[in-house]
Amino acid sequence: ADALERARADASAARGEAAAAALALEREVKTAEASRKQRDDDAAAAAAALHAKLASTEAAAAEREAALATRLEAADDALALAAEELEASRLADAGATASLEARVVKAEAALREGAEGSNAAATRIEEREAALFKAERRVDALSADRAALA
C-alpha cells in the first residue's frame, strides 16, 4: 500500500513537473513569437521609411531637374537671342560686335554651368539610388532572417 501511495505521489509530482515545463515552454514560444512579430514590424517600418525616403528623393530630384531644365532652356534662348543680335549688329555696326560677343560668351558659360549642375544632380541621384538599393537588400536580409526563424 505504501508503494502504491509513493507511486501515486511520484506520478502526481511528475504530472506537476510536466505541467510546469509545458507552461514554461508555452511562455518561451509566446516570447519568441512576440520577438519575431517585433522584428517583422521593425522590418516593415524600415521598408516603409525607405520607400518614403525614395519617393521624397525622387520628388526632390524631379524638382531640381525641372529647375535645371528651365535654366538650360533660358540659357539656350539667351544664346540664340545673343547670336541673332550679334548678326544684326555686324550688319548694322561693326563696333558693337565686341559687346555682343561678350554676351554670347556669358550665355555659353551659363549653358555650361547648367549642364554641369545637371550632371552633378544625375550623379547624386545615382548615388542615392545605389544607397536605397543597399538598404532594400538589408530589409530583404532581415525578412529572410525572419522567415528562417519562423
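The following exchange asks why certain terms are applied to this predicted model.

Reader: What makes the contact between Arg 36 and Asp 40 a salt bridge?

Author: A salt bridge needs a side-chain nitrogen of Lys or Arg within 4 Å of a carboxyl oxygen of Asp or Glu. For Arg 36 and Asp 40 the N to O distance is 3.0 Å, so the pair meets that rule. Both residues lie in helix H1, 4 residues apart, about one turn of the helix.

Reader: Why is Asp 40 called buried?

Author: Buried means under 20% relative accessible area. Asp 40 has 16%, so the term buried applies. Its partner Arg 36 has 28%, which lies between 20% and 50% and therefore counts as partly exposed.

Reader: How do you know that Lys 37 forms a salt bridge with Asp 41?

Author: The closest N and O atoms of Lys 37 and Asp 41 are 3.0 Å apart, and the cut-off is 4 Å, so the pair counts. Lys 37, at 48%, is partly exposed, and Asp 41, at 36%, is partly exposed too.

Reader: Why does the pair of Arg 71 and Glu 113 tie together parts that are apart in sequence?

Author: The side chains of Arg 71 and Glu 113 meet in a salt bridge at 3.2 Å, N to O. Arg 71 lies in helix H1 and Glu 113 in helix H2, so the bridge joins parts 42 residues apart in sequence.

Reader: How many salt bridges does the rule give?

Author: The count comes to 7.

How values were computed: Residues numbered from 1 in each chain as written. Predicted model: local features only at pLDDT ≥ 70, side-chain atom pairs only at ≥ 80, totals over all residues. Heavy atoms only, no water. Helix = DSSP H or I, 4+ residues; strand = E, 2+ residues; numbered from the N terminus. Buried < 20%, exposed > 50% of the residue type's maximum accessible area, 1.4 Å probe, protein only.
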